[in-house]
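Me: I want to go through the labels on this model and see what backs each one. Please keep the replies short.

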Amino acid sequence: MKYLHTMVRVTNLDESIDFYCNKLGLTEVGRYDNEAGRFSLVFLAAPGNEDAQVELTHNWDPEPYGGGRNFGHLAYQVDDIYALCQHLMDSGVTINRPPRDGHMAFVRSPDGISVELLQKGPALPPAAPWQDMPNVGEW
């Protein structure tokens with residue numbers, strides 16, 4: 001058995017690509033547009049780790065999706081949690097659970113999918129401004 005991907009439904013493909021690729025740092029590794037079925041599949045992966053993919057499913061006809069919280073979350077190991085969280089904040093992304101401990105943070109995609117960020121290796125020493133930031137919203 002081999003792990004292939006995790007699928008999340010997205011309501012706005014452009015906003016989702018912007019979040020996952022331009023802000024979070026994933027890369028697009030495949031795309032499939034189905035005219036007859038009126039949907040697009042976009043496959044994303046962390047650079048150098050194409051075996052673990054996220055499939056963004058975009059149905060062209062609008063339909064509401066229940067909050068992403070019931071999905072659980074995606075998790076990514078990062079080289080510098082403070083630098084990535086600063087980049088995300090500078091890009092307009094809310095840090096729902098700041099990396100106060102130098103180890104873990106949570107953000108949300110435009111569709112409410114919770115994304116966990118975990119520091120590679122040992123936790124970084126607590127540092128300002130992160131150590132004093134409160135949680136914001138659900139994570």
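Me: Why is arginine 31 called partly exposed?
Reply: This is a predicted model. Arginine 31 has a relative accessible area of 43%. Partly exposed lies between the 20% and 50% cut-offs, so arginine 31 gets that label.

Me: What makes arginine 31 and glutamate 28 a salt bridge?
Reply: Their closest N and O atoms are 2.9 Å apart. The cut-off is within 4 Å, so the pair counts as a salt bridge. Glutamate 28 is partly exposed, at 37% relative accessibility.

Me: How many salt bridges does a search of the whole structure find?
Reply: Four.

Me: How do you know that arginine 38 and aspartate 61 form a salt bridge?
Reply: The closest N and O atoms of arginine 38 and aspartate 61 are 2.8 Å apart. The limit is 4 Å, so the pair qualifies. This pair links distant parts of the chain, 23 residues apart. Arginine 38 sits in the loop between strand 2 and strand 3. Aspartate 61 sits in the loop between strand 4 and strand 5. Arginine 38 has a relative accessible area of 36%, and aspartate 61 has 39%. Both values fall between 20% and 50%, so each residue is partly exposed.

Me: Why is arginine 97 called buried?
Reply: Arginine 97 has 10% relative accessibility. Buried means under 20%, so the label holds. Its side chain meets that of aspartate 101 in a salt bridge, at 3.4 Å from N to O. Aspartate 101 is partly exposed, with a relative accessible area of 30%.

Me: Why does aspartate 111 have no salt bridge?
Reply: The nearest side chain of opposite charge, arginine 108, is 10 Å away. A salt bridge needs N and O within 4 Å, so this pair does not count. Aspartate 111 is buried and lies in the loop between strand 7 and strand 8.

Me: What makes the approach of aspartate 111 to threonine 11 a polar contact?
Reply: The contact between the two side chains is 2.6 Å. The cut-off is within 3.5 Å, so the distance fits. The side chains of aspartate 111 and serine 16 are also joined by a polar contact, of 3.2 Å.

Me: How do you know that strand 5 and strand 8 pair?
Reply: They share six bridges, in the parallel sense. Pairing takes at least two bridges, so strand 5 and strand 8 qualify. Glutamine 77 stands opposite leucine 118 in strand 8.

Me: What makes strand 5 and strand 6 edge strands?
Reply: The open sheet has four strands in the order 5-8-7-6. Strand 5 and strand 6 each pair on one side only.

How values were computed:
Residues are numbered from 1 along each chain as its sequence is written. This is a predicted model: local features need pLDDT of at least 70, side-chain atom pairs count only at pLDDT 80 or more; totals for chains, interfaces and linings use all residues. Side-chain values use heavy atoms; hydrogens and water are left out. Buried means under 20% relative accessible area, exposed over 50%, partly exposed in between (1.4 Å probe, protein chains only). Lys and Arg count as positive and Asp and Glu as negative; His and the chain ends are not counted. A polar contact is a pair of N or O atoms within 3.5 Å; within protein, one must be able to donate a hydrogen and the other to accept it, and residues adjacent in sequence count only if both atoms are side-chain atoms.
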